Amino acid sequence: MYAIIENGSKQYRVANGDVVNFEKLDANVGDKVEFNVLLVSDENGIKVAKDAAGFKAVGEVTAQAKDKKVIVFKYKAKKNERKKQGHRQPFTSVKIVEIVAK
C-alpha cells in the first residue's frame with residue numbers, strides 16, 4: 001500500500017515505514033504529524049479525489065537538520081568581482097507510521 005501525500009506545494013510517494021525529508025516543519029522531534037492524501041493504492045485498487053480524501057497519512061518527526069552545503073559562486077569577467085556563498089537548507093525528517101482512513 002502506498003499513497004501520494006501533499007506538503008506545501010510538493011507531492012511525495014510514501015508507504016508505511018518510509019523516511020521522507022520535507023522542507024522544515026514546525027514540529028519537535030517525536031511529534032506526530034498528519035498529511036493530506038491525494039491518491040491511495042492498495043489491494044482494492046487506486047482511489048483518488050473524494051475517495052482518497054477519506055484517508056490520512058500519519059508520520060513521526062525523527063530529526064530536524066540541515067542538508068549538505070551548496071556553493072553559490074558569482075563573478076563578473078574582467079572586473080575582479082567575485083562572491084562565494086554557501087547555503088544549507090533546513091529540513092525535517094519524518095517516518096511514515098501509517099496510512100489509514102479518517
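Is Lys 32 buried or exposed? In this predicted model, Lys 32 is exposed, its relative accessible area being 54%. The residue also takes part in a salt bridge, described below together with the strands that carry it.

Strand 4 has several pairing partners. With strand 1 it pairs in the antiparallel sense, over 5 bridges. Within this pairing, Ile 5 has Val 37 of strand 4 as its bridge partner. Strand 4 also pairs with strand 6, again antiparallel and over 5 bridges. Here Phe 35 is matched with Ala 57 of strand 6. Strand 5 runs antiparallel to strand 4 as well, and 4 bridges join the two. These two strands form a hairpin, with 2 residues between them. Ser 41 has Ile 46 in strand 5 as its bridge partner.

Ser 41 itself lies in strand 4. Its relative accessibility is 14%, so Ser 41 counts as buried, the cut-off being under 20%. Beyond its neighbours within four places in sequence, Ser 41 is in contact with Met 1, Tyr 2 and Ile 46. Ile 46 is thus both a contact and the bridge partner of Ser 41.

The largest nonpolar core holds 19 residues. Those touching the most other members are Ile 5, Val 14, Phe 22, Phe 35, Val 37 and Val 94. Two or more residues each come from strand 1 (2–7), strand 2 (10–15), strand 3 (19–23), strand 4, strand 6 and strand 9 (90–101). Strand 4 gives the largest share, 4 residues. Ile 5 and Val 37 appear in the list of core residues with the most contacts, and they are also bridge partners. Phe 35 is in that list too, and its bridge partner is Ala 57.

Val 37 has contacts on two stretches of the chain. Residues up to four places away in sequence aside, Val 37 touches Ala 3, Ile 4 and Ile 5, and also Ala 52, Ala 53, Phe 55, Lys 56 and Ala 57. Lys 56, one of these contacts, also takes part in a salt bridge.

The structure holds 5 salt bridges. Side chains of opposite charge can pair when their charged atoms come close. Glu 60 and Lys 32 form one of the bridges, with 3.9 Å between the closest N and O atoms. Glu 60 belongs to strand 6 (residues 55–66) and Lys 32 to strand 4 (residues 32–42), so the pair ties together parts 28 residues apart in sequence. Glu 60 is partly exposed, at 31% relative accessibility.

A salt bridge also joins the side chains of Lys 56 and Glu 34, at 3.3 Å from N to O. Lys 56 lies in strand 6 and Glu 34 in strand 4, and this pair links distant parts of the chain, 22 residues apart. Lys 56 is partly exposed, with a relative accessible area of 22%. Glu 34 counts as exposed, at 55%. In a further salt bridge, the side chains of Lys 76 and Glu 81 meet at 4.0 Å, N to O. Glu 81 is partly exposed, with 43% relative accessibility.

Val 97 is placed in strand 9. At 38% relative accessibility, Val 97 is partly exposed. Its C-alpha is 7.8 Å from that of Ala 57, although 40 residues separate the two in sequence. Leaving out residues up to four places away, Val 97 touches Asn 16, Lys 32, Val 58, Gly 59 and Glu 60. Both members of the Lys 32 and Glu 60 salt bridge are among these contacts.

A nonpolar patch on the surface is formed by Ile 71, Phe 73 and Tyr 75. Together these residues have about 360 Å² of accessible area. Tyr 75 lies in strand 7 and is exposed, with 56% relative accessibility.

Positive phi values occur in two loop residues other than glycine. Ala 49 has a phi of about 55°. Ala 49 sits in the loop between strand 5 (45–48) and strand 6, and is exposed, with a relative accessible area of 56%. For Lys 78, phi is near 65°. Lys 78 is found in the loop between strand 7 (70–76) and strand 8 (81–87). Lys 78 is likewise exposed, its relative accessible area being 86%.

How values were computed
Residues numbered from 1 in each chain as written. Predicted model: local features only at pLDDT ≥ 70, side-chain atom pairs only at ≥ 80, totals over all residues. Heavy atoms only, no water. Buried < 20%, exposed > 50% of the residue type's maximum accessible area, 1.4 Å probe, protein only. Core = buried A, V, L, I, M, F, W, Y, C linked by side-chain atoms within 4.5 Å. Contact = heavy atoms within 4.5 Å. Patch = residues over 30% accessible without salt bridge, like charges linked within 9 Å, V, L, I, M, F, W, Y side chains within 5 Å. Areas by Shrake-Rupley, 256 points an atom, 1.4 Å probe, with all protein chains shown as cover. Pairing = 2+ DSSP bridges.
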